[in-house]
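Trainee: Got a minute? I'd like to go through this model with you, side chains and all.

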Amino acid sequence: MSSAMETQIAECMIVPVVVLEDAKDAEPLAKALCEGGLPCAEVTFRTAAAEESIRLMVKAYPDMLVGAGTVLTTEQVDRAVAAGAKFIVSPGFDPEIVDYCIGKNIPVFPGCVTPSEVAQAIKRGLKVVKFFPAEQFGGVSTIKALAAPYVGLKVMPTGGINEKNLEAYLNCQAVVACGGSWMVKGDMIKAGEFDKIKALTEKAVALARSIRA
């Protein structure tokens, strides 16, 4: 995990978690996010369109911070990076994926919800981990408790975060940024409501800035 990557993610404050069923939606979605003030996205590898979507987003917006989420195998790591993904996110702590990414100098955010998982991440030199699913695993209070013994640990919580609870998360010192999908819901993408996505993104950015002002 490069400090430059950590800085970029911290500056975004919110990382939109995107599920794309059709690659044709990738470029207009990237445009809506960038124009809305969030030039970043975690494109989940849950769909067949994910790889091509990453490729199209990065091609259209080379400066956009595009990563691959829900990565479950090293083969998916290779495909995501070949498509242009700048970071890898896994839902849980998979030592094989983490070690593979570290060996190839690819920024990786593994999901960690227990002290044992955090210890494994710290042992490998990781400074930032994903906390997923955040709300179901106790939210901010759990993050604070986990971070207490691991000084300097930064967390990117994802799962159940929205405009109603964003303030609690962004006010937590251990939180580097929050993953969220409320501004990029699948039904809006499918309906081609990119103006709506841009407006919701602008609103989310304004809220995050007011919290961390």
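Trainee: Let's start with charges. Which residues are linked in a network of salt bridges?

Mentor: That network is made up of Glu51, Glu52, Arg55, Glu75 and Arg79. Keep in mind that this is a predicted model.

Trainee: OK, zoom in on Arg79 and Glu75. How far apart are the closest N and O atoms?

Mentor: For that salt bridge the closest N and O atoms are 3.6 Å apart. Arg79 and Glu75 both sit in helix α4, residues 74-83, with a spacing of four residues, about one turn of the helix.

Trainee: And are those two buried or exposed?

Mentor: In between. Arg79 is partly exposed at 29% relative accessible area, and Glu75 is partly exposed too, at 45%.

Trainee: How many salt bridges are there in the whole structure?

Mentor: A search of the whole structure turns up nine. One of them joins Asp99 to Arg124, with the closest N and O atoms 2.6 Å apart. That pair links distant parts of the chain: Asp99 is in helix α5 (residues 95-103), while Arg124 is in the loop between α6 and β6, 25 residues apart.

Trainee: How accessible are Asp99 and Arg124?

Mentor: Asp99 has a relative accessible area of 38%, so it's partly exposed. Arg124 is at 23% and also counts as partly exposed.

Trainee: What about Lys24, which residue does that one form a salt bridge with?

Mentor: With Asp25, and the closest N and O atoms are 3.1 Å apart. Lys24 is exposed, at 57% relative accessible area, but Asp25 is buried, at 7%.

Trainee: Switching topic: which residues of helix α2 are buried?

Mentor: In α2, which runs over residues 26-35, the buried ones are Ala26, Leu29, Ala30, Ala32 and Leu33. They span an arc of only 160° around the axis, so they end up on the same side of α2.

Trainee: And what covers them?

Mentor: The cover includes strands β1 (14-18) and β2 (40-44), plus helices α3 (50-60), α9 (186-190) and α10 (194-211).

Trainee: What follows α2?

Mentor: Gly37 does, and its phi is positive, near 100°.

Trainee: Now cysteines. How many disulfides does the structure hold?

Mentor: Zero.

Trainee: Why is there no bond between Cys12 and Cys40?

Mentor: The closest cysteine sulfur to that of Cys12 is the one in Cys40, but at 3.3 Å it's too far for a bond. The cut-off used here is 2.5 Å between the sulfurs. Cys12 is buried, by the way, at 13% relative accessibility.

Trainee: And Cys101, how far away is the nearest cysteine sulfur?

Mentor: That's the sulfur of Cys112, 13 Å away, and Cys101 is in no disulfide. Cys101 counts as buried, with 0% relative accessibility.

Trainee: Last topic, rings. How many aromatic pairs are there?

Mentor: The count comes to one. It's Phe87 with Phe109: the ring centres are 5.6 Å apart and the planes are at 80°, so the pair is edge-to-face.

Trainee: Where do Phe87 and Phe109 lie?

Mentor: Phe87 is in the loop between α4 and β4, and Phe109 is in strand β5 (residues 108-110), so the pair ties together parts 22 residues apart in sequence. Both Phe87 and Phe109 are buried.

Trainee: And what lies over the face of Phe132?

Mentor: Lys130 does, at 4.8 Å from the ring centre.

Terms used:
Residues are numbered from 1 along each chain as its sequence is written. This is a predicted model: local features need pLDDT of at least 70, side-chain atom pairs count only at pLDDT 80 or more; totals for chains, interfaces and linings use all residues. Side-chain values use heavy atoms; hydrogens and water are left out. Buried means under 20% relative accessible area, exposed over 50%, partly exposed in between (1.4 Å probe, protein chains only). Helices (H or I, at least four residues) and strands (E, at least two) are DSSP runs, numbered from the N terminus. The arc is that of the directions from the helix axis to the C-beta atoms. Contact means heavy atoms within 4.5 Å. A salt bridge is a side-chain nitrogen of Lys or Arg within 4 Å of a carboxyl oxygen of Asp or Glu. Rings of Phe, Tyr and Trp (its six-membered ring) pair if their centres lie within 6.5 Å; planes under 30 degrees apart count as stacked, over 60 as edge-to-face and the rest as tilted. A charge sits over a ring if NZ of Lys or CZ of Arg is within 6 Å of the ring centre and within 35 degrees of the ring normal.
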